[in-house]
Amino acid sequence: MLTHLLSVEHIYKSFDLKSGSYAVSDVGFTLRRGECLGIAGESGSGKSTLIRMIARLSDVSPGPNGENGYINMSNKTISLWPPHLFASHPLRKKIQMVFQDPDSSLNPCFTAFSSIADPLRALCGMRKKEEIKKRVYELADLVQLPHELLSRLPHQLSGGQKARVGIARALAPGPDLILLDEPTTALDVSVQGRILTLLDDLKRNLGLSMIFVSHDLSVLKLLCDNILVMLRGKTVEYAPVEQLFSNPASGYGKSLLEAMPKPPGRSSQPPYSGPAM
Ligand SMILES: Nc1ncnc2c1ncn2[C@@H]1O[C@H](COP(=O)(O)OP(=O)(O)O)[C@@H](O)[C@H]1O
Ligand SMILES: [Mg+2]
């Protein structure tokens, strides 16, 4: 019986095999349907490289001793498919990615409507105008994007609205797994909070599985069931979220927790009670 939607075992990535340096080194994890895995770690730790391999945008490399890891999705070893052939793989539409910067991932000449309709045509073979329109409106509702914004180009939308278009676009082909690479990093805190709430609702209502990359542990705490922390391409923590927050296994995990901004509330200062009378 299939218990895991995704299994990643012992995968490596080197951009320069001759040098023997690895951007991702012997990383593995599993993800069940409806679960969210958070991937944390400082800039350059290999987070994007890891999820780009899962999205099949980039190939895996052999390990230093020639070992071959694998990426298994719905019982198919998708890492055996080279990225340029994965476009025609039946699982292609089941894995979708949301990028950090909507300004580079959304086509500046496409209205929000066209951006969301594009994967419906390209990946689902939808042709009928009325059918496409109905589905785009459904997706806009799902990500709480008002219909009147659908005729706008990316530069006429706010950061939060662009993030919603990116999420709607990823949801369009009905994926089982969404990979989100720091999708809220460029947003201010209140907009970030609303997008995280939206993703949490989508996870619950659609039973979506997600991998959410962020260098910010407080963002991952809200959404994720398990967290994997990377440092220089390697796994330093892989644990359920409560366990990581209560008892990190590594000194690095502990230092990340200590560096988290403290929530506002109790402080050593007495509350301000107005001007002295
Ligand atoms: N296309 C590439 N060519 C060469 N090196 C790369 C490429 N992409 C990433 N790297 C290197 O791989 C390492 C991990 O990068 P990345 O996965 O982008 O980290 P993160 O997403 O955690 O910030 C970095 O040292 C980065 O410079
Ligand atoms: Mg990155």
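When I say that a residue is near a molecule, I mean that one of its heavy atoms lies within 4 Å of it. Please keep in mind throughout that this is a predicted model.

With that definition, let me begin at ligand 1, where the surrounding residues are Phe15, Ala23, Glu42, Ser43, Gly44, Ser45, Gly46, Lys47, Ser48 and Thr49. Looking at individual atoms, an N or O atom in the side chain of Thr49 is 2.5 Å from an oxygen atom of ligand 1, and for the side chain of Lys47 the corresponding distance is 2.8 Å. Gly46 takes part through its backbone, with an N or O atom that lies 3.1 Å from an oxygen atom of the ligand.

Let me turn to the sheet, which is open and is formed by four strands in the order β2-β1-β4-β5, with antiparallel pairing. At its edges are β2, residues 24-31, and β5, residues 76-77, each of which pairs on one side only. Helix α1, residues 47-54, packs on this sheet and touches β1, β2 and β4, and its direction makes about 125 degrees with that of β1. Within the sheet, β1 (residues 6-13) and β4 (residues 70-73) are joined over four bridges, and Glu9 has Tyr70 in β4 as its bridge partner.

Finally, the interior: the largest nonpolar core has 51 residues, and those touching the most other members are Ile167, Leu171, Leu199, Phe212, Leu217, Leu223 and Ile227. Leaving aside residues up to four places away in sequence, Leu217 touches Ala40, Ile227, Leu244, Phe245, Leu256, Leu257 and Met260. Another core, of 28 residues, lies apart from that one, and its members include Leu6, Leu91, Val213 and Met230.

Technical notes. Residues numbered from 1 in each chain as written. Chains lettered and ligands numbered in written order. Predicted model: local features only at pLDDT ≥ 70, side-chain atom pairs only at ≥ 80, totals over all residues. Heavy atoms only, no water. Pairing = 2+ DSSP bridges. Helix = DSSP H or I, 4+ residues; strand = E, 2+ residues; numbered from the N terminus. Contact = heavy atoms within 4.5 Å. Axes fitted to C-alpha atoms, helices over the stretch in contact; angles between N-to-C directions. Core = buried A, V, L, I, M, F, W, Y, C linked by side-chain atoms within 4.5 Å. Buried < 20%, exposed > 50% of the residue type's maximum accessible area, 1.4 Å probe, protein only. Polar contact = N/O pair within 3.5 Å; in protein donor to acceptor, adjacent residues only side chain to side chain.
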